[in-house]
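Thank you all for coming. I would like to take you slowly through one structure today, so please have the picture open while I speak.

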There are 2 protein chains.
Amino acid sequence: MKQHVDASDDRCPVEASINLIGGKWKILILYHLISDKSKRFNELQKTLSTITPRTLTRQLRELEEDRLIRRIIHPEVPPKVEYMLTDTGRSLVPILMELQNWGTNYLQNSDLDQA
Amino acid sequence: MKQHVDASDDRCPVEASINLIGGKWKILILYHLISDKSKRFNELQKTLSTITPRTLTRQLRELEEDRLIRRIIHPEVPPKVEYMLTDTGRSLVPILMELQNWGTNYLQNSDLDQA
DNA sequence: CCGCATCCAATAGGATACTG
DNA sequence: CAGTATCCTATTGGATGCGG
């Protein structure tokens, strides 16, 4: 396990950041945890419709390992597990927003090029 | 060719942005093109010491395809090729800086955890 | 000098079936 | 409900050697 690059492996802070959120689904997961208090495994899976449980599990575990999200297990039957942003994860939100602005602009310019 | 994900394939602007700079060496290349006016292929290769020419070429081509850098060929013998940021690439710099700040902080906290 | 061609290794991610 | 187990494919990046 722990095959994904540990952010602290490289001392370049920018690369470290990118490694944390570079996974295919990670920013989407982060995004869906912004608005609501917490989400359950099945909720996330429904929202990300095409993700497989194995992949979702792994992305969540990596985000947890990197302390961007917290996983809360309720010892019940049937099982209930909640995911929410940590303070560290929440501190990333403003940057996500800026990336969104930049990306929106970028995509618009791409469309203009093709017109 | 064109195996890497086109940023305009997905309509999520944040993912689009991440796709542009998510490559293993891309932010490093971008970073080295900030300060100086332009850099030649060999200069970049020396700076990134462990990168292979093939990999460097591909990263550069993808960045060029995404219009973050410009490639200028001087028809000379021996060949001379320069790389520099485009305006689009330069517009990304502030976000890179914020990622750097965030990442620096993140890495410091990681160190504290281990102490 | 600036690559490209060929081959290869590692990893990320997916399909499907099954379980505490 | 919230995952695991097993197998598989796709993509990324590297090693090495050659070419305009």
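Let me begin at one of the DNA strands: the surface near DNA strand D has, by class, 8 nonpolar, 8 polar and 8 charged residues. Here Ala, Val, Leu, Ile, Met, Phe, Trp, Tyr, Cys and Pro count as nonpolar, Asp, Glu, Lys and Arg as charged, and the others, Gly among them, as polar.

Before going further, I should say that this is a predicted model, in which local features need pLDDT of at least 70 and side-chain atom pairs count only at pLDDT 80 or more, while totals for chains, interfaces and linings use all residues. Residues are numbered from 1 along each chain as its sequence is written, chains are lettered from A and ligands numbered from 1 in the order in which they are written, and side-chain values use heavy atoms, with hydrogens and water left out.

Back to DNA strand D, which is surrounded by 24 residues, the closest being A:Arg40, A:Arg71, A:Tyr83, B:Arg54 and B:Thr55; a residue is near a strand if one of its heavy atoms lies within 4 Å of it. Of the atoms of DNA strand D that are within 4 Å of the protein, 65% belong to sugar or phosphate, and the rest belong to bases. What does the side chain of A:Arg40 reach on DNA strand D? One of its N or O atoms is 2.7 Å from a phosphate oxygen. From chain B, a polar backbone atom of B:Lys24 is 2.8 Å from a phosphate oxygen of the strand, and an N or O atom in the side chain of B:Gln59 is also 2.8 Å from a phosphate oxygen. The elements that give two or more residues to this surface are α3 (41-47), α4 (53-65) and β3 (80-85) of chain A, together with α4 (53-65) of chain B. Helices (H or I, at least four residues) and strands (E, at least two) are DSSP runs, numbered from the N terminus.

Now please turn to DNA strand C, which has 23 residues around it, with A:Arg54, B:Thr57, B:Arg61, B:Arg71 and B:Tyr83 the closest. Sugar and phosphate account for 68% of the atoms of DNA strand C that come within 4 Å of the protein. A polar side-chain atom of B:Tyr83 lies 2.6 Å from a phosphate oxygen of this strand, a backbone N or O atom of B:Asn42 lies 3.2 Å from one, and on chain A a polar side-chain atom of A:Thr55 lies 3.2 Å from one. The element that gives the most to the surface near DNA strand C is α4(A), with 4 residues.

Next comes the interface between the protein chains. The size of an interface is often given as the accessible area lost when the parts come together. Chain A and chain B bury about 3,300 Å² between them, 68% of it on carbon and sulfur atoms, where buried area is the accessible area (1.4 Å probe) that two parts lose on being put together, summed over both. A:Leu99, A:Trp102 and A:Tyr106 supply 21% of the area that chain A buries against chain B, more than any other three residues. Each chain gives 37 residues to the contact, and contact means heavy atoms within 4.5 Å.

How many salt bridges cross this interface? The rule, which asks for a side-chain nitrogen of Lys or Arg within 4 Å of a carboxyl oxygen of Asp or Glu, finds 0 between chain A and chain B. There are, however, 6 residue pairs in polar contact between the chains, both residues being at pLDDT 80 or more. A polar contact is a pair of N or O atoms within 3.5 Å; within protein, one must be able to donate a hydrogen and the other to accept it, and residues adjacent in sequence count only if both atoms are side-chain atoms. The largest share of the side of chain A that touches chain B, 14 residues, comes from α6(A).

I will finish with A:Ser38, found in the loop between α2 and β1 (39-40) of chain A. A:Ser38 counts as buried because its relative accessibility is 17%, and buried means under 20% relative accessible area, exposed over 50%, partly exposed in between (1.4 Å probe, protein chains only). The side chains of A:Ser38 and A:Glu82 are joined by a polar contact of 2.8 Å.
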